[in-house]
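I opened my notebook to look up how this chain is put together. Come along and check each entry against the view.

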Amino acid sequence: MTALTPATFGDALAAEVAAGHRFAGLFGTAEPGGVRISAHLGGPATVRHLDVSVSGDSYPAVKIGRASCRERV
């Protein structure tokens, strides 16, 4: 998979859900210089995660279809 950027993260997450994975959670973790955003997805026999690092201390909402998620660190 190509490295995710803040601009491509939401689309990558939506594609995973469209492929049949269930959205299981979104987490924000402080790291030096920014925030790491991790989305967890469940499948029939797997748990997947997508990660992206965002510089600064905030990031835009992540949208999946009509739903949006926002977690603050």
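**Entry 1: words I need.** I call a run of at least two residues that DSSP marks E a strand, numbered from the N terminus. I say that two strands pair if DSSP finds at least two bridges between them. I also remind myself that this is a predicted model.

**Entry 2: the first hairpin.** I began with strand S1 (residues 22-31) and its link to S2. The two run antiparallel and are joined by nine bridges. Their hairpin has two residues between the strands, and in this hairpin I found Gly-33 with a positive phi near 85°. To follow the pairing, I looked up two bridge partners. Arg-22 is matched with Gly-42 in S2, and Thr-29 stands opposite Arg-36 in S2.

**Entry 3: the second hairpin.** Next I went on from strand S2 (residues 34-42) to strand S3 (residues 47-55). Here too I noted antiparallel pairing, over nine bridges. The hairpin that joins S2 to S3 does so through four residues. Arg-36 turned up again, and in S3 its bridge partner is Ser-53. Ala-39 has Leu-50 as its bridge partner in S3.

**Entry 4: the sheet.** In what order do the three strands form the open sheet? I read the order as S1-S2-S3, with antiparallel pairing. S1 and S3 stand at the edges with a single partner strand each, so one side of each has no neighbour in the sheet. From one strand to the next, the twist averages 15°. I jotted down a general reminder: strands of a sheet pair through backbone hydrogen bonds, in a parallel or antiparallel way. I then checked how enclosed S2 is. Seven of its nine residues are buried, so the rest of the structure largely encloses S2.

**Entry 5: the helix and the core.** Then I turned to H1, which lies across S1, S2 and S3 and runs at about 165° to S3. I asked which residues have the most contacts inside the largest nonpolar core. That core has 15 residues, and the ones I was after are Leu-4, Phe-9, Leu-13, Leu-26, Ile-37, Leu-50 and Val-52. Helix H1 (6-18), S2, S3 and strand S4 (62-64) are the elements that give two or more residues to this core. S2 gives the most, with four residues. I picked Phe-9 for a closer look. Not counting residues up to four places away in sequence, Phe-9 touches Leu-4, Leu-26, Ile-37, Ala-39, Leu-50, Asp-51, Val-52 and Val-62.

**Entry 6: charged pairs.** How many salt bridges does the structure hold? I found two. In one of them, the side chains of Glu-16 and Arg-48 meet at 3.0 Å, N to O. Glu-16 lies in helix H1 and Arg-48 in strand S3, so this pair ties together parts that are 32 residues apart in sequence. I compared each residue with the cut-offs. Buried means under 20% relative accessible area, and partly exposed runs from there up to 50%. Glu-16 therefore counts as buried, at 10% relative accessibility. Arg-48 counts as partly exposed, at 31%.

In the other salt bridge, the side chains of Glu-31 and Arg-36 meet at 3.3 Å, N to O. Glu-31 is partly exposed, with a relative accessible area of 25%, and Arg-36 is partly exposed as well, at 31%. I had already met Arg-36 as the residue that Thr-29 stands opposite.

**Entry 7: His-21.** Is His-21 buried or exposed? I noted a relative accessible area of 19%, so His-21 is buried. I placed this residue in the loop between H1 and S1. Leaving aside neighbours within four places in sequence, His-21 is in contact with Glu-16, Leu-41, Gly-42, Gly-43, Thr-46 and Arg-48. I recognised Glu-16 and Arg-48 in that list as the partners of a salt bridge.

**Entry 8: Thr-5.** My last stop was Thr-5, in the segment before H1. Thr-5 counts as partly exposed, at 34% relative accessibility. I then looked up how far Thr-5 is from Ser-53: 48 residues apart in sequence and 7.4 Å apart in space, C-alpha to C-alpha. Ser-53 was familiar to me as the bridge partner of Arg-36 in S3.

Key:
Residues numbered from 1 in each chain as written. Predicted model: local features only at pLDDT ≥ 70, side-chain atom pairs only at ≥ 80, totals over all residues. Heavy atoms only, no water. Buried < 20%, exposed > 50% of the residue type's maximum accessible area, 1.4 Å probe, protein only. Core = buried A, V, L, I, M, F, W, Y, C linked by side-chain atoms within 4.5 Å. Contact = heavy atoms within 4.5 Å. Axes fitted to C-alpha atoms, helices over the stretch in contact; angles between N-to-C directions. Salt bridge = Lys/Arg side-chain N within 4 Å of Asp/Glu carboxyl O.
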